[in-house]
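Biologist: Please take a close look at one part of this model, the sheet and what packs on it, with the charged pairs as the way in. One connected account is enough.

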Amino acid sequence: DNPFSQKETIDMEQLKTMMSQVTKVQLSLYKYFGIDSALIEEKNKDKEFSLYPIKEIVETVFNNYKQEALDKGLIFTLKINDDVVDQKLLLNKPTIITAISHVVDNAVKYTQKGSVNINVYKTPNFVEISVKDTGVGIPEDKQTKLFEITPTITNLADMKNKTTGVSLYHTKSILTKQKGGIVIESEVGKGTNVIILLSINEDIK
């Protein structure tokens with residue numbers, strides 16, 4: 001008999017249990033910090049690209065946040081330019097919806113009064129989605145750190161909210177992989193305008 005076989009079996013079972021526990025903790029952390037676990041899984045991603053009408057995607061996100069915005073007493077609007085209404089883009093639909101949702105979620109969450117206005121329009125190379133709010137605004141020295149994955153937590157109360165840094169990190173990652181981008185314009189006390197750029201180029205994969 002092999003004297004190491006039983007020990008080896010026990011170790012393998014312990015390893016499986018540990019890996020299972022690690023996975024559960026990982027998923028809990030994703031949920032806690034507001035990270036869509038689908039963003040972490042990149043398997044077969046290229047197969048998921050298809051042409052989608054951008055109008056339907058933006059309307060989906062808008063409708064998901066409409067009630068929350070109205071419940072806060074915010075003016076919540078969506079304007080889609082005529083030249084974009086029939087525009088289709090080659091996209092990974094689930095991740096693009098997540099990326100836009102992160103931006104709208106932050107706008108609604110950090111705007112206590114006033115408005116959140118979404119405008120969709122076309123430039124020569126991109127369809128651009130502007131999410132403009134009248135929230136607290138972001139100090140200039142903080143804007144360069146918005147896309148860092150490490151959240152800035154100053155107290156326990158901050159930990160109860162999804163962290164802007166984590167969500168924007170994944171938003172930028174999604175857009176970059178799909179030949180897009182994100183631009184932030186903000187002024188303290190006046191609000192923030194986040195512009196999502198989606199490539200019109202169909203050769204995206």
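**Charged pairs, sheet and core**

Modeller: Lysine 190 and glutamate 187 form a salt bridge in which the closest N and O atoms are 3.7 Å apart. The model is a predicted one. Lysine 190 counts as exposed because its relative accessible area of 58% is over the 50% cut-off. Glutamate 187, at 43% relative accessibility, is partly exposed.

This pair is one of three salt bridges found in a search of the whole structure. In a second, glutamate 59 pairs with lysine 55, and their closest N and O atoms are separated by 2.8 Å. Both residues belong to helix α2 (residues 54-71), where a spacing of four residues amounts to about one turn. Glutamate 59 is partly exposed at 26% relative accessibility, and lysine 55 is also partly exposed, with a relative accessible area of 26%. In the remaining case, the side chains of aspartate 105 and lysine 109 meet at 3.3 Å, N to O. These two are four residues apart in helix α3 (residues 93-109), so about one helical turn separates them. Both aspartate 105 and lysine 109 are buried. As a general point, side chains of opposite charge can pair when their charged atoms come close.

Next, the sheet. Its five strands run in the order β2-β4-β5-β7-β6, and the sheet is open with mixed pairing. The edges are β2 (75-80) and β6 (181-187); each has a single partner strand, so one side of each is left without a neighbour in the sheet. On average, neighbouring strands are turned by 10 degrees against each other, with direction ignored.

Glutamate 187 of the first salt bridge falls within β6 (181-187). This edge strand pairs with β7 (residues 191-199) in the antiparallel sense over seven bridges. Within that pairing, valine 183 stands opposite isoleucine 195 in β7. From the other edge, β2 pairs with β4 in the parallel sense over six bridges, and threonine 77 stands opposite asparagine 117 in β4. The pairing of β4 with β5 is antiparallel, over seven bridges. Here tyrosine 121 has glutamate 128 in β5 as its bridge partner. Three residues lie between β4 and β5, and the two strands form a hairpin.

Helix α2, which holds the glutamate 59 and lysine 55 pair, packs on this sheet. The helix touches β2, β4 (115-122), β5 (126-133) and β7, and its direction makes about 175 degrees with that of β2.

One contact between helix and sheet is aromatic. The structure holds one aromatic pair. The ring centres of phenylalanine 62 and phenylalanine 76 are 4.6 Å apart and the ring planes lie at 10 degrees, so the pair is stacked. Phenylalanine 62 is in helix α2 and phenylalanine 76 in strand β2, 14 residues apart, and the pair thus links distant parts of the chain. Both rings belong to buried residues: phenylalanine 62 has 10% relative accessibility, and phenylalanine 76 has 9%.

Phenylalanine 76 also belongs to the largest nonpolar core, which has 37 residues; Ile54, Phe76, Ile100, Val104, Ile118 and Ile129 touch the most other members. The largest share of the core, eight residues, comes from α3. In soluble globular proteins, nonpolar side chains tend to be buried together.

Two of these core residues illustrate the packing. Valine 104 is in contact with Val61, Tyr65, Phe76, Ile118 and Val131, leaving aside its neighbours within four places in sequence. Isoleucine 54 is found in helix α2 and counts as buried, at 0% relative accessibility. With neighbours within four places in sequence left aside, isoleucine 54 is in contact with Val84, Gln87, Leu89, Leu91, Val127, Ile129 and Leu198. For one of these partners, leucine 91, the C-alpha atom is 9.2 Å from that of isoleucine 54, and the two residues are 37 apart along the chain.

Methods
Residues are numbered from 1 along each chain as its sequence is written. This is a predicted model: local features need pLDDT of at least 70, side-chain atom pairs count only at pLDDT 80 or more; totals for chains, interfaces and linings use all residues. Side-chain values use heavy atoms; hydrogens and water are left out. A salt bridge is a side-chain nitrogen of Lys or Arg within 4 Å of a carboxyl oxygen of Asp or Glu. Buried means under 20% relative accessible area, exposed over 50%, partly exposed in between (1.4 Å probe, protein chains only). A nonpolar core is a set of buried Ala, Val, Leu, Ile, Met, Phe, Trp, Tyr and Cys residues joined through side-chain atoms within 4.5 Å. Contact means heavy atoms within 4.5 Å. Two strands pair if DSSP finds at least two bridges between them. Axes are lines fitted to C-alpha atoms, for helices over the stretch in contact, and angles run from 0 to 180 degrees between N-to-C directions. Rings of Phe, Tyr and Trp (its six-membered ring) pair if their centres lie within 6.5 Å; planes under 30 degrees apart count as stacked, over 60 as edge-to-face and the rest as tilted.
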